[in-house]
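Please look at the sequence and the structure together as you read. The paragraphs that follow begin with the ligand and then turn to the empty spaces inside the protein.

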Amino acid sequence: MFEALKPQVTKILSQEESVENRLLSVCDLLKKEIEHYDWVGFYFKNGDKEELKLGPYVGEPTDHTIIPFGKGICGQVAVSNENFVVPDVAAQDNYIACSITVKSEIVIPLFKDGENIGQIDIDSNTPYPFSEEDERFLEYVNEQVAQIL
Ligand code: SME
C-alpha cells in the first residue's frame with residue numbers, strides 16, 4: 001500500500017499549484033487511502049516564535065491551531081527532532097486532545113536543510129495501528145515535501 005502511494009505523493013507535489021494546495025492534496029490522499037488515518041495535517045514553526053502553527057489538514061477542525069514548543073505530542077517533537085509514535089493516547093501525560101474519538105497518534109518531524117521546521121501529524125480512531133512502515137512512509141513524505149519548501 002505505502003509503496004503504491006509514494007509515486008502519487010511525488011506526482012501531487014510536482015503539480016503547478018500553490019504549496020498550500022499541494023500539501024492539502026497530500027493530506028487528502030493519505031486520509032482517503034490509508035484506513036487508519038483519520039486526521040492528517042502539517043504543523044510548521046511559526047516564524048521566529050517557539051511555537052507551531054497549523055498548516056494544511058484534512059479531518060475534523062481543531063482548536064489547536066497554535067501549539068507551544070514542548071506542549072503535547074506535536075510540541076515535544078518540535079524540540080526532540082524525533083518521531084513520536086503514540087499507540088494509546090490515554091497513556092500520555094503531555095497530550096493535547098483534539099477529539100474524543102482519537103485513540104492513537106503519530107508525529108514525524110520535517111527537516112529542511114537539516115533543520116526541524118515542522119511535522120506531519122496523523123490521528124487515528126484505532127488503537128495500536130502504527131508500524132515502522134508508517135514511520136518510513138511518512139519520513140518519505142516529509143522528505144519530498146521539504147523539496148518544495
Ligand atoms: N494531539 C496533538 C495536538 C494536535 S491534534 O492531534 C490535531 C498533540 O498532543 O500535540
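How far is an oxygen atom of the ligand from a polar backbone atom of C74? Keeping in mind that this is a predicted model, the distance from that backbone atom of C74 to an oxygen atom of the ligand comes to 2.8 Å. The residue I73 also takes part through its backbone, since one of its polar backbone atoms is found 2.9 Å from an oxygen atom of the ligand. With E105 it is the side chain that matters, and here a polar side-chain atom is placed 2.8 Å from a nitrogen atom of the ligand. Considered by itself, the ligand would expose 300 Å², and the protein buries 100% of that area.

Which residues, then, make up the surroundings of the ligand? Reading along the sequence, you will meet W39, Y43, I67, G72, I73 and C74, and further on Y95, I96, C98, E105, D121 and D123. When these shell residues are sorted by class, 8 are nonpolar, 1 is polar and 3 are charged. It also helps to ask where they sit in the fold: the strand β1, which covers 39-45, the helix α3, which covers 72-80, and the strand β6, which covers 115-124, each contribute at least two residues to the shell. Among the contributors, α3 gives the most, namely 3 residues.

We can now look at the same region in another way, by considering the cavities. The structure contains 2 cavities of 30 Å³ or more, and the largest of them is the space that the ligand takes up. This largest cavity holds about 90 Å³ of space, and 13 residues line it, of which C74, I96, C98, E105 and D121 are the closest to its centre. The elements β1, α3 and β6 each give two or more residues to this lining, and α3 has the largest share, with 3 residues. Sorted by class, the lining of the largest cavity consists of 8 nonpolar, 2 polar and 3 charged residues.

What lines the second largest cavity? Its lining is formed by K45, L52, F69, A78, N116, I117 and G118, and its volume is about 30 Å³. Here β6 gives the most, with 3 residues, whereas in the lining of the largest cavity the largest share comes from α3. The residues around the second largest cavity divide into 4 nonpolar, 2 polar and 1 charged.

To gather the picture once more, the ligand takes the space of the largest cavity, where its polar neighbours include a backbone atom of I73, a backbone atom of C74 and a side-chain atom of E105.

Technical notes: Residues numbered from 1 in each chain as written. Predicted model: local features only at pLDDT ≥ 70, side-chain atom pairs only at ≥ 80, totals over all residues. Heavy atoms only, no water. Near = heavy atom within 4 Å. Polar contact = N/O pair within 3.5 Å; in protein donor to acceptor, adjacent residues only side chain to side chain. Areas by Shrake-Rupley, 256 points an atom, 1.4 Å probe, with all protein chains shown as cover. 1 Å grid on protein atoms, 1.4 Å probe; cavity = no way out; pocket = protein on both sides within 12 Å on 5 of 7 lines; lining within 4 Å. Sits in = over half its atoms within 2 Å of the grid points. Helix = DSSP H or I, 4+ residues; strand = E, 2+ residues; numbered from the N terminus. Nonpolar A, V, L, I, M, F, W, Y, C, P; charged D, E, K, R; others polar. Points joined across faces, edges and corners; volume = space filled by probe spheres on them.
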